[in-house]
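Visitor: Please choose one part of this model and look at it closely. Then follow its contacts outward.

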Amino acid sequence: INAEYMGHFPRKKMTTPSTPTSSRRQKGVSIDKAVVYGTIAFWMGKKADEFHSHKWTVYVRGVYGEDISYFIKKVVFTLHPSFTNHVRSIEKFPFEVTESGWGEFEIGIRIHFVDPNERPVDVYQMLKLYPPGNQPQSSKKPVTAEHYDEIVFNEPTESFYKILAAGPQSIAPVNPLSEFYSQFNDQNELKASYEAYNYVSSENKSLRDRLRRLDEEVRELRQEMKSAGEL
């Protein structure tokens with residue numbers, strides 16, 4: 001899997017601001033829920049044309065592929081304006097949109113919760129179509145770009161707190177894309193970070209080698225110009 005490296009760096013948390021309400025809130029209580037948002041893109045190979053080179057899916061999912069509709073009511077994806085109906089509201093699980101195209105762009109993602117007292121959370125995901133570095137494209141090996149986040153609910157209402165604490169109430173069917181999901185645990189994140197470090201180090205070494213060769217060429221050129229001037 002060509003997972004985007006930045007999706008594996010240390011986890012971060014999103015905090016949902018509380019809104020004034022007459023509902024009874026759990027004072028001094030906070031609870032967090034982990035989600036993963038990202039894209040998976042397949043090169044269409046021989047079926048590709050000028051305007052449709054990749055088939056891709058953008059989504060918000062549970063870390064383990066679980067049904068997250070017990071606390072998420074809907075997800076609104078804002079695609080590039082060139083798409084027909086570029087604002088897509090997905091109101092049932094799985095929260096995903098599948099399209100095809102040729103260009104990369106930033107996708108807006110707004111997550112709405114089942115408790116209307118909680119404000120929606122906005123995140124952004126860059127659609128990645130091409131493998132990193134000089135890796136060749138493959139119609140069977142997609143490019144996966146994912147981010148792990150923890151949504152922190154500060155002083156949720158009593159009813160919503162019970163929902164969050166109870167967790168999923170149903171087993172989600174296996175998503176066909178699940179085999180391409182990134183695995184977010186400490187060991188895998190450490191491995192991915194190490195691979196990212198090696199990749200960046202390799203790129204830096206290649207750049208230093210190029211600069212050294214250019215520097216040598218410049219010195220040789222100056223020497224030739226100096227010799228020519230002495231003639």
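Guide: Buried means under 20% relative accessible area, exposed means over 50%, and partly exposed lies in between (1.4 Å probe, protein chains only). The model is predicted, so local features need pLDDT of at least 70 and side-chain atom pairs pLDDT 80 or more, while totals for chains, interfaces and linings use all residues. Numbering runs from 1 along each chain as its sequence is written, and side-chain values use heavy atoms, leaving out hydrogens and water.

Start at R219. Its relative accessible area is 47%, so R219 is partly exposed. R219 makes a salt bridge (Lys or Arg side-chain nitrogen within 4 Å of an Asp or Glu carboxyl oxygen). The partner of R219 is D215, with the closest N and O atoms 2.3 Å apart. D215 is partly exposed too, because its relative accessible area is 39%. Both residues sit in helix α2, four residues apart, or about one turn of the helix. Helices (H or I, at least four residues) and strands (E, at least two) are DSSP runs, numbered from the N terminus. Helix α2 spans residues 186-230 and also holds L207. L207 is partly exposed, because its relative accessible area is 44%.

Now widen the view to the other charged pairs. The whole structure has eight salt bridges. R25 and E118 form one of them, at 3.5 Å from N to O. This pair spans 93 residues: R25 is in the loop between β2 (12-16) and β3 (30-43), and E118 is in the loop between β8 and β9. R25 and E118 are both buried. R61 and E146 make another salt bridge, with their closest N and O atoms 3.0 Å apart. R61 belongs to strand β4 and E146 to strand β10, 85 residues apart. Both R61 and E146 are buried. A salt-bridge network links R24, E158 and K162.

Strand β10 leads on to the aromatic contacts. Rings of Phe, Tyr and Trp (its six-membered ring) pair with centres within 6.5 Å; planes under 30 degrees apart are stacked, over 60 edge-to-face, the rest tilted. Twelve aromatic pairs are found in the whole structure. F71 and F113 are stacked, because their ring centres are 6.4 Å apart and their planes are at 15 degrees. F71 lies in the loop between β4 (54-61) and β5, F113 in strand β8 (residues 106-113), 42 residues apart. F71 is buried at 1% relative accessibility. F113 is buried at 4%. Y148 and F184 form a tilted pair, 5.8 Å between centres and 40 degrees between planes. Y148 is in strand β10 (residues 143-154) and F184 in the loop between α1 (158-166) and α2, so this pair ties together parts 36 residues apart in sequence. Y148 and F184 are both buried. Ring pairs also join Y70, F71, F113, F153 and F160 in a cluster.

Strand β8 takes us into a sheet. Strands pair if DSSP finds at least two bridges between them. The sheet is open and antiparallel, with its four strands in the order β6-β5-β8-β9. Its edges are β6 (87-90) and β9 (121-126), each pairing on one side only. Four bridges join β5 (residues 72-78) to β6. V75 has I90 as its bridge partner in β6, and F77 stands opposite R88. Side chains alternate along β6: R88 and I90 point to one face and are buried, while V87 and S89 point to the other and are not. At the other edge, β9 contains V121. V121 is buried at 7% relative accessibility. The C-alpha atoms of V121 and I151 are 8.4 Å apart, with their positions 30 residues apart along the chain.
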